[in-house]
Amino acid sequence: MSSPLLPAPSLSERLQNVTEALAAARTPHEVFDVVLAPALEALDAVAGAVLLVNAVDGRLEIAATRGDEEGAQTVWQDGPLDAAVPAGDALARREALYFEHAGDLNRAYPELEARTGGVAAVATAVLPMRLDDSPMGTLILDFKEPHIFTREEQRFLRTLSAQCAIALGRAQLSRDLEARVAARTAELEGERAALDAFVAYKEAVGGESDLLTLAQQALQVVRANLEHVSAAYYERDGELWKARVWSADIPPEIALQITAGIPVNAPNYAEATQSGQPVFVDGWDAEANSVQGAESYGAAAFLPLVVRGETRSLFSVGTRAARAWTERERALVRAVARGLTVTLERTEQARHLAEQNAALAGRTRALEGFADLTRDLTLHDEPYTLIQRAQEVVLSLLPDGYALYFEPQGDCWVKRAQTGEMGTEALQAVADAGLPYHEAGNLLTPYTTLAPYYQDQYAQDTDNIGDLVAHLGASATFPVMVNGQPRGVFAVVLFGKLRPWSGPERAVMETVMRSLGLALERAESVNLLAQRTRELEQSNTELARSNAELEQFAYVASHDLQAPIRAVTSFAGLMAQRYGSLLDARGQRYLRQIVEGGEHMKRLVDDLLSFSRLHTQQRELVPVHSQGVFDAVVERLRGEVETLGATVSGGALPVVQADAPQLDQLFQNLISNGLKYRREGVAPRVQVSAAQEDTCWRFAVRDNGIGIESHYRERIFVIFQRLHGRDEYEGTGIGLAVCKKIVERHGGRLWVESTPGQGSTFFFTLPAA
């Protein structure tokens, strides 16, 4: 027995499926596969394409197509990013473009087919994709039949293009990060090769990696080749140069002075340090250089060991006699100093390389954790779930410890999330009970300074909990920022003794904190959107109830109110027929006024009923040929026009997005006004025209009537407001108020420009189809 066919999924279900699939997409092609196929299937489109903006030259390029035969010539091709093509136009306008009927696309872009050599589809949707307010590209769907895009379909397509832009941005970010990691790896490999060369050079100068040991060897080399000199190797310690290794021939009292330290501003030492060049002194002044008792040395040389432009060490030699240094002596001590410099550079490079490798490893772990966190954050909107997930990511990248999250509440810090055990039940009880707001320095400091707070040893004296924290080591606390404001404090505590936080560890935690803040902002937006949705649903319910009440009012107005009106006018008429001869002229005038007043009240009720229906009869706006509506109104008014000797004309009127019956009423009221408010002895003339303005059409209904004073031009659109008595011009004062409601319901506006005694022009705007 075969199973029944399952119903096709709704657009919202398809969108949910696409969102889940995009979360797993890692490359642009995966994104295109996820987006294009569901879009084609959901709207029964025949083909689809994605055009992306090239970041280098700013041109549009075809990135993916679906549905078209391979090699097919379409209008969607590589080209410039400008408003002359639909894709560029949609990005410039920042709005979707819909072409629902055959020829619409060609009318909007007459040169498109000639420029591309392709043939436009019958119907097309062009969806702009922007990311961080920058143009990213467009998503395009083509149809082989005319297609009217419903509001639900438009929402589906807008959301789909936005999701596609975000996924492409994420894929681009991932690709850029991978490229950076690859480039940095290549750079580190180059540095490693250079380090290998330094190792080979070290073996050539003595085969020793320890700088002090190599300095000792250097002293032996100098003494073996220049027996008459003494030598010493210095390292800087604050404001002193202190000898670390010296030759055995230096007297003990001098050795004591140079190991205690020579001021960095001693003339010969300072000159070598600042110049970065060897300094050879033929007649040395021991007292001026703060080395009392070393007057027996006549000549001296100071050779700086410079790494990355900074003098890190000094190698000095001296002779017992004051004399000039020979070229052989200078060359020898320079060579020894170069050997020491190479070793120092190699040591520095090795240290720097180790730090870079650690930083790279930390960033790689952070990147992996960030990727996991980002993937998880798309599935959660509950804030504390997001925080706990961030805690798990941080702890997975650090030594053993635990993570807590606190929020201030009154005079207390309240724990909202925890990952990992705190080590003792007593300490756990303290955290669960809450910490005093002003005494918990680890929490208060980052919350008030808005900066991370690192401690190499957990602050045992600030939390007033004594031995409970003796087993804790380093701690770090971070303000959790949401929309620029601190929401709480994220705390990480490690077990063990004092230890400094490394640069990679800080980078890992601060990266996760930034990601957490963004996730919480997103969750807050999602929750706010859900709240707004609920409020909108409640508003819709109230609106439906109001419409029902208006419909009840309309029923009362059309039946219950009109019945007594008809009774009054009917009985007044009967009185006039049967007893009119018994009444004097005044009595007969009173009866006529009763009948005329009743008829006027009936017209008021009818017009009020029409006005109320504008609220209750909310039909969907569809493309309407305004020319056809205008022609129908003119035909209906033909008798009145001929009687008055009037003329009503109109130019070529456009297709607009409208409610056809209400557009008919709008034309009827405005043209009738032009005929009614005519000047004595002047044949009425009414002209209707339209001009396009951006995404709407501006209509003008111009007459040659009595005109309107400027201070009355707003009053005429208020219900029941009349500028003339009924004895001058008939009417109820509702017609223009009805026109204003109709135009506003279409998202447009209505206004008047007029010259008294010459005529008026009523302008109104309607959205283009």
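User: Hello! In which strand is the place of phenylalanine 764?

Analyst: Happy to help; please note that this is a predicted model, in which local features need pLDDT of at least 70 and side-chain atom pairs count only at pLDDT 80 or more, while totals for chains, interfaces and linings use all residues. Residues are numbered from 1 along each chain as its sequence is written, and side-chain values use heavy atoms, without hydrogens and water. Strands (E, at least two residues) and helices (H or I, at least four) are DSSP runs, numbered from the N terminus. Phenylalanine 764 sits in the strand formed by residues 759–767, which is β24.

User: Is phenylalanine 764 buried or exposed?

Analyst: Buried means under 20% relative accessible area, exposed over 50%, and partly exposed in between (1.4 Å probe, protein chains only). Beyond four places in sequence, phenylalanine 764 touches residues including Leu666, Phe667, Trp697 and Trp751 (contact means heavy atoms within 4.5 Å). Its relative accessibility is 0%, so phenylalanine 764 counts as buried.

User: How far apart in space are phenylalanine 764 and arginine 749, C-alpha to C-alpha?

Analyst: Arginine 749 is among the residues that phenylalanine 764 touches. The two are 15 residues apart in sequence, and their C-alpha to C-alpha separation is 5.5 Å.

User: What is the order of the strands in the open sheet of five?

Analyst: Strands pair if DSSP finds at least two bridges between them. In this open sheet the pairing is antiparallel, and the five strands follow the order β2-β1-β5-β4-β3. Each of the edge strands pairs on one side only, and these are β2 (60–66) and β3 (97–99). Neighbouring strands are turned by 15° against each other on average, direction ignored, in the order β2-β1-β5-β4-β3.

User: Which residue is the bridge partner of leucine 97 in β4?

Analyst: β3 and β4 (residues 123–131) run antiparallel and are joined by three bridges. For leucine 97, the partner in β4 is valine 126.

User: At about what angle does helix α2 run to β2?

Analyst: Axes are lines fitted to C-alpha atoms, for helices over the stretch in contact, and angles run from 0 to 180 degrees between N-to-C directions. Helix α2 (residues 28–43) lies across β1 (47–53), β2 and β5 (134–143). Helix α3 (residues 86–93) also packs on the sheet, touching β1, β2, β3, β4 and β5, with its direction at about 50° to that of β4. For α2 and β2, the angle is about 60°.

User: What is the relative accessible area of threonine 138?

Analyst: Threonine 138 lies in strand β5. Outside its neighbours within four places in sequence, its contacts include Ala49, Val50 and Leu51, as well as Ala87, Leu91 and Val126. Threonine 138 is buried, because its relative accessible area is 0%.

User: In which loop is arginine 94 found?

Analyst: Arginine 94 has a positive phi of about 65° although it is not a glycine. It is partly exposed, because its relative accessible area is 48%. Its loop is the one between α3 and β3.

User: What value is phi of asparagine 483 near?

Analyst: Asparagine 483 is in the loop between β16 (472–482) and β17 (485–495). Its relative accessible area is 47%, so asparagine 483 is partly exposed. Its phi is positive in a residue other than glycine, near 55°.

User: Which strand gives the largest share of the lining of the largest cavity?

Analyst: On a 1 Å grid over the protein atoms alone, a cavity is a set of points where a 1.4 Å probe fits but cannot get out, and lining residues have an atom within 4 Å of a point. The largest cavity has a volume of about 200 Å³, the space filled by probe spheres set on points joined across faces, edges and corners. Tyr234, Trp284, Tyr297, Ser316 and Gly318 are the closest to its centre among 17 lining residues. Four lining residues make up the largest share, and they come from β6.

User: Which element gives the most to the lining of the second largest pocket?

Analyst: A pocket is an open set of grid points with protein on both sides within 12 Å along at least five of seven lines. The second largest one holds about 1600 Å³ of space, and of its 44 lining residues Ala96, Tyr98, Thr695, Ala768 and Ala769 are the closest to its centre. Elements giving two or more lining residues include α3, β3, β4 and α6 (151–205). With seven residues, the most comes from α6.
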